[in-house]
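Welcome, and thanks for taking a look with me. Here are a few points to follow with the model open beside you.

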Amino acid sequence: MTTSAAVTTAAAASSIALLAYFLSKFYNSNHSSASSSSENELKNGLIEAIGNTPLIRINSLSQATGCQILGKAEFLNPGGSVKDRVAVKIIQEALELGLLAKGGIVTEGSAGSTAISLATVAPAYGCQCHVVIPDDAAIEKSQILEALGATVERVRPVSITHKDHYVNIAKRRAVEANEVALKQDIAKQTNGKDVEQSNGDIIDGEKQDTFFSRDCKGGFFADQFENLANFRAHYEGTGPEIWKQTGGNLHSFVAAAGTGGTVAGVSRFLKEKDPNIKCFLIDPPGSGLFNKVTRGVMYTKEEAEGRRLKNPFDTITEGIGINRLTENFKMAELDGAFRGTDLEAVEMSRFLLKNDGLFVGSSSAMNCVGAVRVAQSLGPGHIIVTILCDSGMRHLSKFHSAQYLSQHGLIPRANGLEFLGLRG
């Protein structure tokens with residue numbers, strides 16, 4: 001063996017030894033005491049199976065950046081996404097506060113994964129789910145919802161200030177469900193018997209324009225954007241899990257925001273544990289959150305959602321990006337923000353599939369773009385955590401469709417990470 005070859009071999013061995021030491025620290029801290037009490041613990045039903053997802057090293061990105069880039073594998077939740085946590089927290093709190101009754105209907109307006117998570121967990125609480133979804137969302141999301149037993153309304157995308165925005169319609173549906181239940185209660189009290197029904201829409205002699213049957217137990221609007229149960233799900237769950245899984249040894253956290261619950265809950269918890277941990281936002285095209293974080297102003301007067309006639313988001317990513325400040329996002333503790341592009345997200349998803357076997361959705365891909373941006377900003381040697389929100393399985397007709405991407409000029413062509421200025 002030549003001298004240069006020997007040096008190269010020794011350097012490689014040293015690198016492998018360092019990597020093995022790093023991974024052993026994570027493994028020992030996470031599994032030595034938990035292997036018998038956690039991994040082998042019997043879960044009591046679907047709800048207890050949600051959370052405590054693994055934190056995995058994304059090898060390709062770590063090797064390319066010189067940082068340890070770790071992804072919280074939320075796609076391994078029973079409902080397939082990080083939103084399972086939110087769905088459980090929202091329903092549990094609503095039941096505890098008496099805002100939702102067993103047999104009641106949870107309504108939500110969702111273009112992302114929250115609706116699927118609500119439809120997944122609602123039956124475990126004896127509840128039903130009614131979802132209003134924009135008709136430009138990937139069709140497989142509606143198909144999944146219907147297969148889960150949810151009632152699905154697909155409506156045209158309009159501004160949040162419009163009465164027929166999907167979120168506003170969902171809010172009305174909860175009111176309608178409560179009105180149906182109230183009329184039933186009144187009728188029983190006054191007549192002493194059930195009201196008559198004809199074709200499912202006659203209540204006490206009055207024709208009803210409603211989606212809900214006479215045995216409806218009322219409705220509850222989940223309100224994922226403004227309901228702080230969203231924030232609490234991550235402040236009490238995701239954040240502490242990340243802290244425990246890293247042994248408190250991390251330098252940065254980065255994620256995109258839709259409702260803002262994930263980035264807010266995790267960032268606030270981590271900052272309280274260690275103020276030196278840097279927390280960042282990665283923002284897709286068309287969203288105003290980057291400007292809010294970096295400049296303190298979300299949008300110009302002309303860019304406000306209320307002044308737009310069409311869907312304001314110029315992005316193919318679903319479930320992230322917004323042009324208003326939600327109650328959940330207000331809770332975030334952020335040190336800065338990065339912008340990502342649709343093409344970067346597409347390229348990243350293909351790179352991860354090819355190099356790591358990770359088949360991720362659009363928001364997960366954008367989060368990984370953010371992780372690389374943070375690595376480039378902080379330099380080698382840092383530990384960076386992000387969220388792998390969901391898999392690519394519910395993005396087949398758009399984000400993972402060559403025909404759809406071609407129509408938008410987003411065909412991936414990169415061989416490595418050159419689209420982010422890296423080789424690898």
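**Notes for a first look**

1. Let us start at Ser267, which sits in helix α10, spanning residues 261–273. Please keep in mind throughout that this model is predicted. Is Ser267 buried or exposed? Its relative accessibility is 0%, so Ser267 counts as buried.

2. Which residues does Ser267 touch, leaving aside those up to four places away in sequence? The contacts are Thr262, Cys279, Ala332, Glu333 and Leu334. You can also find Phe253 from here: Ser267 and Phe253 are 14 residues apart in sequence, and their C-alpha atoms are 7.2 Å apart in space.

3. Next, the cysteines. How many disulfides does a search of the whole structure find? The search returns 0. Take Cys127: the closest cysteine sulfur belongs to Cys129 and is 9.7 Å from that of Cys127, too far for a bond because a disulfide needs the sulfur atoms within 2.5 Å. Cys127 is also buried, with a relative accessibility of 6%.

4. Cys389 can be read in a similar way. For the sulfur of Cys389, the closest cysteine sulfur is in Cys368, at 8.9 Å, and that is too far for a bond. Cys389 has a relative accessible area of 12% and is buried.

5. Now to the aromatic rings, where the structure holds 3 aromatic pairs. One of them joins Tyr235 and Phe269: the ring centres are 5.9 Å apart and the planes meet at 80°, so this pair is edge-to-face. It links distant parts of the chain, with Tyr235 in helix α9 (residues 229–246) and Phe269 in helix α10, 34 residues apart. Tyr235 is partly exposed at 25% relative accessibility, whereas Phe269 is buried at 12%.

6. Another pair to look at is Phe280 with Phe338, whose ring centres lie 5.4 Å apart with planes at 55°, so the pair is tilted. This pair, too, links distant parts of the chain: Phe280 belongs to strand β10 (residues 278–283) and Phe338 to strand β11 (residues 336–339), 58 residues apart. Both Phe280 and Phe338 are buried.

7. It helps to view Tyr235 and Phe269 together with Phe231, as the three form one aromatic cluster.

8. Finally, where do arginines lie over ring faces? Arg324 lies over the face of Phe225, at 4.6 Å from the ring centre. Arg350 lies over the face of Phe399, at 5.5 Å from the ring centre.

Definitions and conventions. Residues numbered from 1 in each chain as written. Predicted model: local features only at pLDDT ≥ 70, side-chain atom pairs only at ≥ 80, totals over all residues. Heavy atoms only, no water. Helix = DSSP H or I, 4+ residues; strand = E, 2+ residues; numbered from the N terminus. Buried < 20%, exposed > 50% of the residue type's maximum accessible area, 1.4 Å probe, protein only. Contact = heavy atoms within 4.5 Å. Phe/Tyr/Trp six-rings, centres within 6.5 Å; stacked < 30°, edge-to-face > 60°. Lys NZ or Arg CZ within 6 Å of the ring centre and 35° of its normal.
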